[in-house]
2 protein chains.
Amino acid sequence: MRCLGIAVFLVACVAPPPAASQEADHPPHHTFDLGEFTLESGDVLPAARVLYVTHGELDAQGSNAVLLPSYFLGTHHSYDFLIGPDAALDPTEYFIVVAEMFGSGGSSSPSNVEAPLRATDFPAVSIRDNVEAMHRLLTEQLSVRRLRAVIGHSMGAQQAFQWAVSHPDLVDLVVAIAGTAKTHPHGVARLESALTLIEHDASIAAGADTLSTAGKRAWIYHWMAWIYSPEWWRERLYESEATPNVDAFLAGRLRYGPTGRPHDYLVQGRAWQTHDVGATPGFDGDLEAALRSIRARVLYMPSATDMYFPLGDAEYESRFIERVDLRPIPSIWGHAAGGGASAADRAFLSEQIARALDMVEAALGIE
Amino acid sequence: MRCLGIAVFLVACVAPPPAASQEADHPPHHTFDLGEFTLESGDVLPAARVLYVTHGELDAQGSNAVLLPSYFLGTHHSYDFLIGPDAALDPTEYFIVVAEMFGSGGSSSPSNVEAPLRATDFPAVSIRDNVEAMHRLLTEQLSVRRLRAVIGHSMGAQQAFQWAVSHPDLVDLVVAIAGTAKTHPHGVARLESALTLIEHDASIAAGADTLSTAGKRAWIYHWMAWIYSPEWWRERLYESEATPNVDAFLAGRLRYGPTGRPHDYLVQGRAWQTHDVGATPGFDGDLEAALRSIRARVLYMPSATDMYFPLGDAEYESRFIERVDLRPIPSIWGHAAGGGASAADRAFLSEQIARALDMVEAALGIE
């Protein structure tokens, strides 16, 4: 129950929880121990571990696996709305692995490792580091030989693109939802305006593990101002009995939003901010060349109104991906659309993913 | 020289200064003393004053006046690129008045009044208060009987719309550039995420008149993340020899951007955040009714990529304005386009304003 509690708490920050009828069952979560894990930077994460859950069974060929990597402040429950007998990912058909990034609070994170790596001493982790950790989980621990799909929202989409570039022969389908293959300069600047609120918070700077009261407010308000579209606000979708106006809505988010593990957020935020598939060894910083190297089919679903990963960035990247199907989510929920914020968003995502899997399976000769 | 120095300093935060050849001459600035000025709230601003400059001469009918009210962090120089013999506003044809809002640092502001109204004791001022102060300046001090146009960018546009609602028989043309008649809920939330950085800054909370070092950074980064469009960043328009990357660009803005008068920014920011022409006495909070009451022609020029005053908000409001000409600025400079950030933006604004004035003058039978 503790685990579910945390999941609902986090999801509440970025989107209303999905309707109960659409929730997946909750299998027990597992931990994969990586031991000493050498990061791309050369730094070492001792006793590294990845928290994950699985739904369904791996087939005899080891080829029906679908990986869903977590996103910023997400957990192994973030994709529950896509999983189930009536959803895009049926556990009787697929071996579904939902794994958490470093910094999630479940996988290795400043909040759950012991000194001397606690808090600010935790090394910087990249998206590629997360992909490599999950690659080891899948191949060494779970005997997966082929990934039918890597499906990710937000930082999960960043990881999905990285999978297609780092392991081009292993992935049949990439589903990138409201996330890009590179954090383009606006995202870098926007994230700097967020992460500075942690890094230079008075309490954090004084050595604490929690934000000052003022820092919590600035942090939550930052995300609230960016996550939804102006249309969402103009149509007053923030209104409820408990939150009849903008002030009450912001106050509510401040009360219930995630502020408790700032060093974890910083580790994840820096991974987000610095990501670029063009920086993969062999591509010499050339984003377009890295995108052209992708062999997987790519279902690319930016949110039409996303201010974190704007539509224009996805359109730009799509020009360099050979087998791309660009399908913007027609939503005013901004970035949150990609997390399944509204019933219409969830239906759109499920339908598009199911359709893309059908196409890939038809091409592979799978019934 | 001191005055010019401040102007360039402030403009540098939101846009590069216009080319020297397009700068207007610099007439001496004047101060209009309002005495005890009763605000809409009932509070009194003692010894209130408005700083302004004029270009050209009032004609015998008192009807060739054009008012340009200042915007957030703007000054009486903010519209220089529109003023001159080769620009939209020729001083041989118009009596041009550029007046600064309360909180500008030139007009009454926390930074320039004496105790007991210094800093946090300064009363809240509305957009309507600014309009009424400038109305008194024009009618009592300058003998203006009719306004050919009120032209404003950003908070200047908010004031221009308020003029048309409060004084429907006095204004022939409203030019609203990258600013709306109401701060819609997204703007309210976005501004809260900015203003909390001042209001709850550690130094300010301790009674200082200046922000903490961390607060300055958070404040500047906030504005930098919002003012330009994602396309502007992706096309690397931040690049220069001195700022080859995003980090260097942000560091430069932190060094030179406006952080020195936080209480002034708060007074202006709250006026921006709370504005709604629907709250004008007589309209009972009905924005659409207030917009329908406008008799002036309205040239409405949102920036196509503005994240402060999004295009959708301007499109929505336009539906209720009878004689509106909606002409989005085709620019990737985001909100800064409305301040004439690029040569193309300045040319577009000048041409459209000149054209609208020609149309209004033809209708009025003026050669």
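Helix H11 of chain A has a mixed set of neighbours over its buried residues: helix H3 (155–166), helix H10 (287–292), strand S7 (297–301) and strand S8 (324–326) of chain A are included, and so is helix H7 (230–234) of chain B. Keep in mind that this is a predicted model. H11(A) is mostly covered, with 6 of its 8 residues buried. Those residues are Gly312(A), Asp313(A), Ala314(A), Tyr316(A), Glu317(A) and Ser318(A).

**Where the chains meet**

Let's turn to the interface. On the chain A side 31 residues are in contact with chain B, and chain B answers with 31 residues of its own. Together the two chains bury about 2600 Å², and 75% of that is on carbon and sulfur atoms. Within chain A, the residues that lose the most area to chain B are Pro185(A), His186(A) and Arg234(A), which together account for 22% of what that side buries.

Arg234(A) also turns up in a charged pair: its side chain meets that of Asp313(B) in a salt bridge, 2.4 Å from N to O. In total, 2 salt bridges cross the interface of chain A and chain B. As for polar contacts between the chains, the count is 6 residue pairs, with both residues at pLDDT 80 or more.

Which elements of chain A give two or more residues to the side that touches chain B? They are helix H4 (185–199), helix H6 (213–227), helix H7 (230–234), helix H8 (246–256) and helix H11 (311–318). The largest share comes from H4(A), with 9 residues. Sorted by class, this side of chain A has 18 nonpolar, 7 polar and 6 charged residues.

**Salt bridges within the chains**

Side chains of opposite charge can pair when their charged atoms come close. Over all chains, the salt bridge count comes to 24. Here are three that stay within one chain:

| Acidic partner | Basic partner | Closest N to O |
|---|---|---|
| Glu192(A) | Arg270(A) | 3.0 Å |
| Glu40(B) | Arg128(B) | 2.5 Å |
| Glu239(B) | Arg236(B) | 3.3 Å |

Take the pair of Glu192(A) and Arg270(A), 3.0 Å apart at their closest N and O atoms. Glu192(A) sits in helix H4 of chain A and Arg270(A) in helix H9 (residues 262–273) of chain A, so this salt bridge ties together parts that are 78 residues apart in sequence. Glu192(A) has a relative accessible area of 13%, so it counts as buried. There's a third member too: Glu192(A), Glu199(A) and Arg270(A) are linked in a network of salt bridges.

Over in chain B, Glu40(B) and Arg128(B) form a salt bridge with their closest N and O atoms 2.5 Å apart. This one links distant parts of the chain, 88 residues apart: Glu40(B) is in the loop between strand S1 (30–38) and strand S2 (44–55), while Arg128(B) is in helix H2 (residues 127–141). How do the two ends fare, buried or exposed? Arg128(B) is buried, at a relative accessible area of 10%, whereas Glu40(B) is partly exposed at 41%.

In the pair of Glu239(B) and Arg236(B), Glu239(B) is partly exposed with a relative accessible area of 38%. Arg236(B) is partly exposed as well, at 48%.

**Some covered spots**

Helix H3 of chain B covers residues 155–166, so to speak a textbook span: its 12 residues reach 16 Å from first C-alpha to last, close to the 16 Å expected at 1.5 Å a residue. H3(B) is mostly covered, with 11 of its 12 residues buried. Among them are Met155(B), Phe161(B), Trp163(B) and Val165(B).

Leu287(B) belongs to helix H10 (residues 287–292) of chain B. Why does Leu287(B) count as buried? Because its relative accessibility is 8%, and the cut-off for buried is under 20%. Beyond its neighbours within four places in sequence, Leu287(B) is in contact with Ala181(B), Lys182(B), His184(B), Asp276(B), Val277(B), Gly278(B) and Tyr316(B). Val360(B) is 73 residues from Leu287(B) in sequence and 25 Å from it in space, C-alpha to C-alpha.

Back in chain A, Ala336(A) lies in the loop between S8 and helix H12 (343–364). Ala336(A) counts as buried too, at 3% relative accessibility. From Ala336(A) to Ile198(A) is 138 residues in sequence and 22 Å in space, C-alpha to C-alpha.

Technical notes: Residues numbered from 1 in each chain as written. Chains lettered and ligands numbered in written order. Predicted model: local features only at pLDDT ≥ 70, side-chain atom pairs only at ≥ 80, totals over all residues. Heavy atoms only, no water. Contact = heavy atoms within 4.5 Å. Buried area = accessible area lost by both parts, 1.4 Å probe. Salt bridge = Lys/Arg side-chain N within 4 Å of Asp/Glu carboxyl O. Polar contact = N/O pair within 3.5 Å; in protein donor to acceptor, adjacent residues only side chain to side chain. Helix = DSSP H or I, 4+ residues; strand = E, 2+ residues; numbered from the N terminus. Nonpolar A, V, L, I, M, F, W, Y, C, P; charged D, E, K, R; others polar. Expected span 1.5 Å × (residues − 1). Buried < 20%, exposed > 50% of the residue type's maximum accessible area, 1.4 Å probe, protein only.
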